[in-house]
Amino acid sequence: MITTSVAEAATFLKQGQVLAYPTEAVWGLGCDPHNEQAFHQILQLKLRPIEKGVILLAGHISQVEHLLEALTPEIRERIIASWTNRSVSERATTWLLPASEDIPAWIKGNHPKVAVRVTTHPLCMALCQAFGGYIVSTSANPAGLEPARSLQDAMRYFDQDLNYLNGDLGLSQKPSRIIDAVTGEIIRD
């Protein structure tokens, strides 16, 4: 089903369904991160091994603030600045953060940390707000293929049975960079 209603899309997520939606640079697949069945459906759609883990997407810092508590004030400030002080065309940053006990093991994969991004994309912000928290965000493509950059691309990869929140991509040309918050190591540039 295709919708332009953020409220309807959030209801799909709350009902344990998978949703394809536009992000800052590419289309993503998302679900309730605490719904293991929906999560495994995403892995099946993508042909992605669980060991890799996925990104959690939040619409506001308050949704992931508890994950910043174990970090030094300097690191917290750098992360928050990267999430709040960027233009809409600037590339987003995903941070690997110490995972709290409320993060399901399947989200992290074989990693001790969890990948988290707070978005400035208006549709994604509204979706997380309507859902009531962060959601899974992984690129909408089967493993090895280019990420979808349009509703049509996503629908070609997946079938009509998937739910789609139609809207515009952000202005970023590349998916988010990924940085380890503690070590500063760039995982994806």
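In what follows, a residue is called buried when its relative accessible area is under 20%, and because methionine 155 comes out at 18% relative accessibility, that residue counts as buried. I should say at once that we are looking at a predicted model, and I will go through it a few places at a time.

Let me stay with methionine 155 for a moment, which lies in helix 6, residues 151-157. Once its neighbours within four places in sequence are set aside, methionine 155 is in contact with Ile2, Gln160 and Tyr164. Lysine 52, by contrast, is 103 residues from methionine 155 in sequence and 24 Å from it in space, C-alpha to C-alpha.

I turn next to a pair of helices. Two packed helices are described by the angle between their axes and the distance between the axes. For helix 1, residues 6-14, and helix 5, residues 122-131, the axes come within 9 Å and cross at roughly 55 degrees, so the two helices are oblique to each other, and the crossing is right-handed. On the helix 1 side the residues involved are Val6, Ala9, Ala10, Leu13 and Lys14, and they meet Leu123, Ala126, Leu127, Ala130 and Phe131 of helix 5. By character, the residues of this contact divide into nine nonpolar, no polar and one charged.

Leucine 13, found in helix 1, deserves a closer look, and with 0% relative accessibility it counts as buried. Beyond the residues within four places in sequence, leucine 13 is in contact with Leu19, Gly30, Cys31, Asp32, Leu127, Phe131 and Ile135. The C-alpha atoms of leucine 13 and alanine 148 are 20 Å apart in space, with the two positions 135 residues apart in sequence.

Now to strand 5 and a loop that meets it. Threonine 94 is placed in strand 5, residues 93-98, and is buried at 0% relative accessibility. Its contacts, again without neighbours up to four places away, are Ile55, Ala115, Val116, Arg117, Ser176, Arg177, Ile178 and Ile179. One of these, serine 176, sits in the loop between strand 8 (163-165) and strand 9 (177-180), and serine 176 is buried too, with a relative accessible area of 6%. What does the side chain of serine 176 make a polar contact with? The partner is the side chain of arginine 117, at 3.4 Å. Apart from residues up to four places away in sequence, serine 176 touches Ile55, Arg91, Ala92, Thr93, Thr94, Arg117 and Arg188.

Two further loop residues remain. Glutamine 63 is in the loop between strand 4 (55-58) and helix 3 (73-84), and at 15% relative accessibility it counts as buried. Excluding neighbours within four places in sequence, glutamine 63 is in contact with Ala58, Cys128, Gln129, Gly132, Gly133 and Tyr134. For one of these, glycine 132, the C-alpha atom is 8.4 Å from that of glutamine 63, although the two residues are 69 apart along the chain.

Is leucine 47, in the loop between helix 2 (36-46) and strand 4, buried or exposed? Leucine 47 has 63% relative accessibility and therefore counts as exposed. As for the backbone, most residues other than glycine have a negative phi. The phi of leucine 47, however, is near 60 degrees, a positive value in a residue other than glycine.

How values were computed: Residues are numbered from 1 along each chain as its sequence is written. This is a predicted model: local features need pLDDT of at least 70, side-chain atom pairs count only at pLDDT 80 or more; totals for chains, interfaces and linings use all residues. Side-chain values use heavy atoms; hydrogens and water are left out. Helices (H or I, at least four residues) and strands (E, at least two) are DSSP runs, numbered from the N terminus. Buried means under 20% relative accessible area, exposed over 50%, partly exposed in between (1.4 Å probe, protein chains only). Contact means heavy atoms within 4.5 Å. A polar contact is a pair of N or O atoms within 3.5 Å; within protein, one must be able to donate a hydrogen and the other to accept it, and residues adjacent in sequence count only if both atoms are side-chain atoms. Axes are lines fitted to C-alpha atoms, for helices over the stretch in contact, and angles run from 0 to 180 degrees between N-to-C directions. Angles under 35 degrees count as roughly parallel, over 145 as roughly antiparallel, 65 to 115 as roughly perpendicular and the rest as oblique. A crossing is left-handed if the near helix is turned anticlockwise from the far one by less than a right angle, and right-handed if clockwise. Ala, Val, Leu, Ile, Met, Phe, Trp, Tyr, Cys and Pro count as nonpolar, Asp, Glu, Lys and Arg as charged, and the others, Gly among them, as polar.
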